[in-house]
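The following exercises are to be worked through with the sequence and the coordinates at hand. Each task is followed by a solution in steps.

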Amino acid sequence: MRAMLEQLIALAGQGPVALARVVDTTGPGPRETGAAMIVTGSGEIVGSLSGGCVEAAVVETARQVLATGQAVTDRFGYADGDGLAVGLTCGGEIEVFVEQVGPEHLPMLSELHRRITEGSPVALATRLDATAEWKLSHTGSTEPWHGVDRDVLALLAAGHSGVVGADECEADASPRPRVFVQVFATPARMILAGANDFVRALSRTGRQLGYRVTVVDARETFATPARFPSAHEVVVDWPHRYLRTEHEAGRIDGRTVVCVLTHDTKFDVPTIVAALSIDDIAFVGALGSRRTHAERTDRLRAAGVTESSLARLKSPLGLDLNARTPDETAISIAAQILADRGNASARPLDRTDGPIHR
């Protein structure tokens, strides 16, 4: 949708058009969530959703939406290449939401375009029902919206799109509407210092959570893409030097997570010093035993790290899950990162009161 936003604004200004977007996917698919197609009243088509697999069916739905003004959800699954059913031959499934967009949407579309142009992270939330109600969210948004406003901001913070709401697990709460959150921002980064089994496990978990994962280690023999297939990039460099370079280049922001998993003082002390010197970093953690933590803290103080900076360091890293394997440890670390990001207690839900989703 980002690529055709200016066209959408121009066409919607001339009269209602149908906007179709991929809002959910399962398995392999030709396009990612957020892929969009515009159908005008005269039959003009802009964009695509699947490379030709379902477009004809969506165009028919778009005509229906333009005639009635009511939004429609289409779902397409696997279709045998020799069959007659409309669907995907790649074996995946997609959900397409088709809504009418007209001049009344121009103020919000113009604001969306302005923020994207400025490079400001922004999310467009859309109710996936007949109302197709929109809300624009950005960093600092505080206005409640159908009980999903915090979920919208969480996806914005993570930098990836998704569906939230439709939570009926609490009998005393009104069901939240199902909402598609299309995020226009770069994904949050997770930078992992080290090249071991714990890094491999956390790179998988971090990617599943929507982070753009970078593994960095100075040892060329260990820091290879083959050993860390889930990482988006594997960098051979001293981690502390890499952090400073990325910061100077403006590629580290207030959503960036840094985890030091090296188990080697010649790597971890300089890396932690560099990470704590960057005020914008959201989370700095270091793996190790309590003895390692105590010894490392003494070295950090000797290196000039202040007590206020040390207070930002999450070490020993992870929640108390009695984790032992690398995969278990990755879960405990990821849980702490999520709790810290959402300012949550990290306590068991059966020992807390109030709504599960705050």
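**Exercise 1: A hairpin and its strands**

Task: In the hairpin of strand 6 and strand 7, determine which residue takes a positive phi and how many residues lie between the strands.

Solution. The model is a predicted one. Step 1: the hairpin of strand 6 and strand 7 has 6 residues between its strands, and A132 takes a positive phi near 50°. Step 2: strand 6 and strand 7 (residues 134-138) pair in the antiparallel sense, over 5 bridges. Step 3: one bridge can be located by its residues, since W134 in strand 7 is the bridge partner of T126.

**Exercise 2: The surroundings of strand 6**

Task: State how many residues of strand 6 are buried, and which residues point each way from the strand.

Solution. Step 1: strand 6 spans residues 122-127, and 6 of its 6 residues are buried, leaving the strand mostly covered. Step 2: V122, L124 and T126 point one way, while A123, A125 and R127 point the other way; all are buried. Step 3: strand 6 also pairs with strand 9, in the antiparallel sense and over 6 bridges. Step 4: in that pairing, A125 stands opposite V181 of strand 9.

**Exercise 3: The environment of V181**

Task: Decide whether V181 is buried or exposed, and list the residues that V181 touches.

Solution. Step 1: V181 is placed in strand 9, which covers residues 179-184. Step 2: the relative accessibility of V181 is 0%, and therefore V181 counts as buried, the cut-off being under 20%. Step 3: not counting residues up to four places away in sequence, V181 touches A123, L124, A125, V152, L155, S161, G162 and V164. Step 4: a further distance concerns L156, which is 25 residues from V181 in sequence and 8.4 Å from V181 in space, C-alpha to C-alpha.

**Exercise 4: An open sheet and a helix**

Task: Give the order of the strands in the open sheet of 5 strands, and identify its edge strands.

Solution. Step 1: the order is 3-2-1-5-4, with antiparallel pairing. Step 2: strand 3 (45-47) and strand 4 (72-76) are the edge strands, as each pairs on one side only. Step 3: from one strand to the next, the twist averages 20°. Step 4: strand 1 (residues 17-26) and strand 5 (residues 93-101) run antiparallel and are joined by 9 bridges. Within strand 5, V96 is the bridge partner of V22. Step 5: helix 1 (residues 5-12) packs on the sheet and touches strand 1, strand 2 (36-40), strand 3 and strand 5. The direction of helix 1 makes about 145° with that of strand 1.

**Exercise 5: Two helices in contact**

Task: Classify the packing of helix 7 and helix 8 from the angle between them, and describe their contact.

Solution. Step 1: helix 7 (residues 265-276) and helix 8 (residues 290-302) pack at an angle of about 55°, and their axes are 10 Å apart. Step 2: helix 7 is therefore oblique to helix 8. Step 3: the crossing of helix 7 past helix 8 is right-handed. Step 4: helix 7 contributes T265, D268, V269, I272 and V273 to the contact, and helix 8 contributes R296, R299 and L300. Step 5: by class, the residues of this contact divide into 4 nonpolar, 1 polar and 3 charged.

Definitions and conventions
Residues are numbered from 1 along each chain as its sequence is written. This is a predicted model: local features need pLDDT of at least 70, side-chain atom pairs count only at pLDDT 80 or more; totals for chains, interfaces and linings use all residues. Side-chain values use heavy atoms; hydrogens and water are left out. Helices (H or I, at least four residues) and strands (E, at least two) are DSSP runs, numbered from the N terminus. Buried means under 20% relative accessible area, exposed over 50%, partly exposed in between (1.4 Å probe, protein chains only). Contact means heavy atoms within 4.5 Å. Two strands pair if DSSP finds at least two bridges between them. Axes are lines fitted to C-alpha atoms, for helices over the stretch in contact, and angles run from 0 to 180 degrees between N-to-C directions. Angles under 35 degrees count as roughly parallel, over 145 as roughly antiparallel, 65 to 115 as roughly perpendicular and the rest as oblique. A crossing is left-handed if the near helix is turned anticlockwise from the far one by less than a right angle, and right-handed if clockwise. Ala, Val, Leu, Ile, Met, Phe, Trp, Tyr, Cys and Pro count as nonpolar, Asp, Glu, Lys and Arg as charged, and the others, Gly among them, as polar.
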